[in-house]
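Trainee: Before we discuss this chain, could we go through how the descriptive terms are justified?
Mentor: Yes, let us look at it together and take the terms one by one.

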Amino acid sequence: MKLLLALLTAVVLAPAGHAATPLVFGVTEDRLKSDPAGISHDAKAVGIDAVRITLTWHPGLAAPDAAQRAQLAAATTTPLRVVLSVFGDRGRDAPQTAAQRDQYCGFLRRIVADYPAIRDVVIWNEPNKALFWNPQYGAGGRSLAPARYEALLARCWDVLHDERADIDVLGPSTAPRGNDNPRAKSNVSHSPQRFLEQLAAAYRASGRDRPVLDTLAHHVYGSTPGEPPGAPHPGGTIGQGDYTKLIGTLTRGFRGTAQRVPDVWYLESGFETTVPPAKRDEYTGRELVQAIPPGEQEAQLHAALRLAAAQPRVTAWFNFLLLDEPRLEGWQSGLYWADGAAKPSAAAFRTTVEDVHPGGGGRSGSVIVIASTLAALVVIAILLAGRRLGRRRRISR
């Protein structure tokens, strides 16, 4: 009962959604770099506007190598909006010094200068986790990563905006969870709320009079594939259901500075599915998470997209993968099976995308909020009536 009341409160307090501006719907799919025509066709078929691709960087790399240039050239031949994330294979590759920051931001500058189709650039990936940014903490447990990442953001914002006025600098692309424990046995990390608070504090302390972000990128995976997208979380965790916590953190952190509260891109989300027996030969290995049936993925995606449409500052939602990874130890959150056949969720995804874009029935976020509120009220009324009936029966005995 308490959970239902909490969810109702979250729905009632959710602001009205987008009235005129359509969301960007995208996927992360590196196969765009090798099969641009095929991926573009499949993406358009399900209503996808944009594809995020990744490149690997390491200290000392001042410009894309020949293989990376070929990948960028292929990806930018499509009509899709190409979003670029660049980060290292290891946490120790994160740019920690001024010289490394110059190298990394210079690497990005070469790309946006040579490939004008790319205007959305994501600075690193999940810097609140030691897997991607190490160290997270210093001697005595002192936090390091947020301030060092802020220094990287500031340098790249200046370099990229000096190159092109139309550039969109995104970050920090934070993971939705973290333990805030410098002495943890594994996954030493910052929660996204703590990371954003300390990033804003570092920005404020720097006295900078220019922004460091154009758009905030964040990852909103649930704790499990079956967790409702709108579920709220305690502590510093920020999922899609923690929109108020996210915007409140940004508002407090940047109030009175040159950094406005940016719009938000949910840059990674997704719901892993089980593989039916008929498709099992297309996959290898064994599943490591509690995946959900394909039909449940359809419902989860529908809920996630409609919730994003009801969150005013959210301007993009990206599914992690268009096609499943064939390794079951990887991700099976795509809209297509590993063999390229559409999952049951593919058609429903397109229908929901069309529904939440402006100009058609049911596309107002306020309508979504009202309908969700009424549904929640009905459920609670039924439960309360059941409780009263149960009490009367006990008394009559």
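**From values to terms**

Mentor: Let us start at a single residue of this predicted model: just after α2, Gly47 takes a positive phi, with a value of about 85 degrees.

Trainee: And in helix α2 itself, which residues are buried?

Mentor: In α2, which spans residues 36-45, the buried residues are Pro36, Ile39, Ser40, Asp42 and Ala43, and the word means that the relative accessible area is under 20%. What covers these residues includes α3, residues 66-75. For the chain as a whole, buried residues make up 52% of the 397 residues.

Trainee: Why is Glu163 called partly exposed?

Mentor: Glu163 has a relative accessible area of 31%, and because buried means under 20% and exposed means over 50%, a value in between is called partly exposed. Glu163 belongs to helix α5, and, leaving aside its neighbours within four places in sequence, Glu163 is in contact with Arg109, Val112 and Ala113. The C-alpha atoms of Glu163 and Ala113 are separated by 6.9 Å, although the two residues lie 50 residues apart along the chain.

Trainee: What makes α5 oblique to α6?

Mentor: The axes of α5 (residues 145-163) and α6 (residues 192-206) come within 8 Å and cross at roughly 60 degrees. That angle makes α5 oblique to α6, because roughly parallel requires an angle under 35 degrees and roughly perpendicular one of 65 to 115. The crossing of α5 and α6 is right-handed.

Trainee: Which residues meet there, and how do they divide by character?

Mentor: From α5 come Ala145, Pro146, Ala147, Tyr149, Glu150 and Leu153, and these meet Phe195, Gln198, Leu199, Ala202, Tyr203 and Ser206 of α6. The residues of this contact divide into nine nonpolar, two polar and one charged.

Trainee: Why, then, are α6 and α7 called roughly parallel?

Mentor: The axes of α6 and α7 (residues 243-254) come within 9 Å and cross at roughly 15 degrees. The cut-off for roughly parallel is an angle under 35 degrees, and α6 and α7 are therefore roughly parallel to each other. Their crossing is right-handed. On the α6 side the contact is made by Gln193, Leu196, Glu197, Leu199, Ala200, Tyr203 and Arg204, and on the α7 side by Lys245, Leu246, Thr249, Leu250, Arg252, Gly253 and Phe254. These residues divide into seven nonpolar, three polar and four charged.

Trainee: What makes the sheet a barrel, and in what order do the strands close?

Mentor: Eight strands close into the barrel in the order β1-β2-β3-β4-β5-β6-β7-β8, with parallel pairing. Neighbouring strands of this sheet are turned by 25 degrees against each other on average, direction ignored.

Trainee: How do you know that β7 and β8 pair?

Mentor: Four bridges join β7 (residues 263-269) to β8 (residues 314-320), and the two strands run parallel; because pairing asks for at least two bridges, the two strands count as paired. One of the bridges links Val264 with its partner in β8, Val314.

Trainee: Which strands do α3 and α8 touch?

Mentor: Packing on the sheet, α3 touches β2 (50-56) and β3 (81-87), and its direction makes about 175 degrees with that of β2. Helix α8 (residues 294-309) also packs on the sheet, touching β1 (24-28) and β8, and its direction makes about 160 degrees with that of β8.

Methods:
Residues numbered from 1 in each chain as written. Predicted model: local features only at pLDDT ≥ 70, side-chain atom pairs only at ≥ 80, totals over all residues. Heavy atoms only, no water. Axes fitted to C-alpha atoms, helices over the stretch in contact; angles between N-to-C directions. Parallel < 35°, antiparallel > 145°, perpendicular 65-115°, else oblique. Left-handed = near helix turned anticlockwise from the far one by under 90°. Contact = heavy atoms within 4.5 Å. Nonpolar A, V, L, I, M, F, W, Y, C, P; charged D, E, K, R; others polar. Buried < 20%, exposed > 50% of the residue type's maximum accessible area, 1.4 Å probe, protein only.
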